[in-house]
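Biologist: I would like a close look at a single part of this model. Please take one salt bridge, go through it, and then work outward to the rest of the chain.

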Amino acid sequence: MTSMMTLLRTYPAMVIICVLAVGFSLLSPYFASAGNIEAMLGANAVVLIAAVGMTVVFLAGGIDLSISTVISASAVLSGLVMGATGNVALGAITAVVVGMLFGALNGILIGFFQLTPFITTMATQLIARGVAFVMSAGIAVKGTPYWMLDFGFMVWFGIPALTVIALGVVAIALVAMARTTWGRHVMLVGSNAEAARFSGINVRRVTFSVYLFSGAMGGIAGFISIANLGNAIPGVGDTLLLIIIGAVVLGGTGMAGGEGSVGRTVLGVGILAILTNGLNLLGIPFYDQLIIQGILIFLGTWMATRFGARRTA
């Protein structure tokens, strides 16, 4: 019992994942099958990439409410370019550039004009959503090259190709945060912006960079969503914002900045992915699932705060 409590205090997200996985395996024989695990991994690649961007923003002490609709706008514009040219590479570049443009807008307004992150990114969220629906006329953008459609079903070494790309993004972010000056500056700005400023760190430039990074992640997620869904859907990101934030918080990254990591977010995404998949297999209605997810986020946040505070005490 004591060792279990120690494990729970040290790795709360990992314990939750194990409990959920064992529980759903007992309740549904299909849960632990290779086909279901493969489907679960592929379906959550978009959320994982976007959550990486949100995590970095959280670590710097900010928030990016626009990332969900940036996914939509990037997907639509990328889909239009691919439909017109048949060029997948050009579509990928378009998605990333669109995401970075929205990220740059957030970064300039928040970093250099000192506007509130919540209000600024909420306004950008509306703009990006409007762009997605205006450019697509509110319907799915067709004409996606067949290679892109096939890519969404590819499996590399037993892992969906989309998941491999998402894990590659995670690896790059982990190295950037742990091994680069930029990563250290992000953590310092999130911990104490004034102290960081007195230490000679250009806080405005760091703030700009994290929103630019988040926008790029939104662009990549938008491009990946086309392969996942088969077409560019203008409302693809509408329901993802709370899932993305929930995954980051469940992983233990605090919204106050300076506490957490990209690695923890991977665990947070894993918790919500297992929970959603398991509840679907059990036939739990969608709105009941939302209630359960909300309660789990409450519990996860409480555990991260309580046990995280003990570890740092």
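Modeller: Start with the pair D238 and R129. D238 forms a salt bridge with R129, and their closest N and O atoms are 3.0 Å apart. The two residues sit in distant parts of the chain, 109 residues apart. D238 is in the loop between α12 (203-229) and α13 (241-251), while R129 is in helix α7. Keep in mind that this is a predicted model.

How covered is each partner? D238 has a relative accessible area of 32%, so it is partly exposed. R129 is at 39% relative accessibility and therefore also counts as partly exposed. In general, side chains of opposite charge can pair when their charged atoms come close.

The count of salt bridges comes to three. Another one joins E194 and R197, at 2.5 Å from N to O. This pair is local: both residues lie in helix α11 (residues 193-198), three residues apart, or about one turn of the helix. An α-helix has 3.6 residues a turn, so residues three or four places apart point the same way. E194 is partly exposed because its relative accessibility is 44%. R197 is at 39%, so it is partly exposed too.

R264 and E259 also form a salt bridge. Their closest N and O atoms are 3.3 Å apart. R264 has 25% relative accessibility and so counts as partly exposed. E259 has 33%, so it falls in the partly exposed class as well.

Next to R264 in the numbering is T265, which is in helix α14. T265 is buried because its relative accessible area is 0%. Leaving out neighbours within four places in sequence, T265 is in contact with A51, T55, A247, V248 and T253.

Two of those contacts, V248 and T253, are shared with F58. F58 is found in helix α4. F58 has a relative accessible area of 0%, so it is buried. Beyond four places in sequence, F58 touches I63, I245, V248, V249, T253, G254, M255, G257 and G258. The C-alpha atoms of F58 and G260 are separated by 8.6 Å, although their positions lie 202 residues apart along the chain.

Now helix α4 itself. α4 has 15 residues and reaches 21 Å from its first C-alpha to its last. That is close to the 21 Å expected at 1.5 Å a residue. The helix is mostly covered, with 15 of its 15 residues buried. Just after α4, G61 takes a positive phi of about 90°.

Helix α4 also matters to the count of the nonpolar core. The largest nonpolar core has 83 residues. Helix α4 (residues 45-59) gives the largest share of this core, 13 residues. Residues with the most contacts inside the core are V52, M54, I71, V186, I244, I245 and I271. Take I244 as one of them. Not counting residues up to four places away in sequence, I244 touches V47, A50, A51, M54, I67 and I71. M54 and I71 are thus on both the I244 contact list and the list of residues with the most core contacts. I245, also on that core list, is among the residues that F58 touches.

Turn now to the surface. V22, L26, L27 and L282 form a nonpolar patch there. Together they have about 420 Å² of accessible area. L282 is in the loop between α14 (262-281) and α15 (286-312). At 35% relative accessibility, L282 counts as partly exposed, because the buried class ends under 20% and the exposed class begins over 50%.

Two loop residues have backbone angles to check by eye. A137 has a positive phi of about 60° although it is not a glycine. A137 is found in the loop between α7 (117-136) and α8 (146-151). At 63% relative accessibility, A137 counts as exposed. F157 also has a positive phi, about 55°, and is not a glycine either. F157 is in the loop between β1 (155-156) and β2 (159-160). Its relative accessible area is 86%, so F157 is exposed.

Back to the starting pair. D238 and R129 link distant parts of the chain, whereas E194 and R197 lie within one helix, α11.

Note on methods:
Residues are numbered from 1 along each chain as its sequence is written. This is a predicted model: local features need pLDDT of at least 70, side-chain atom pairs count only at pLDDT 80 or more; totals for chains, interfaces and linings use all residues. Side-chain values use heavy atoms; hydrogens and water are left out. Patches are made of residues with over 30% relative accessible area and no salt bridge: like charges are joined within 9 Å, nonpolar side chains (Val, Leu, Ile, Met, Phe, Trp, Tyr) within 5 Å. Accessible areas come from the Shrake-Rupley method with a 1.4 Å probe; for residues, only the protein chains shown count as cover. A salt bridge is a side-chain nitrogen of Lys or Arg within 4 Å of a carboxyl oxygen of Asp or Glu. Helices (H or I, at least four residues) and strands (E, at least two) are DSSP runs, numbered from the N terminus. Buried means under 20% relative accessible area, exposed over 50%, partly exposed in between (1.4 Å probe, protein chains only). A nonpolar core is a set of buried Ala, Val, Leu, Ile, Met, Phe, Trp, Tyr and Cys residues joined through side-chain atoms within 4.5 Å. Contact means heavy atoms within 4.5 Å. The expected span of a helix is 1.5 Å times one less than its number of residues.
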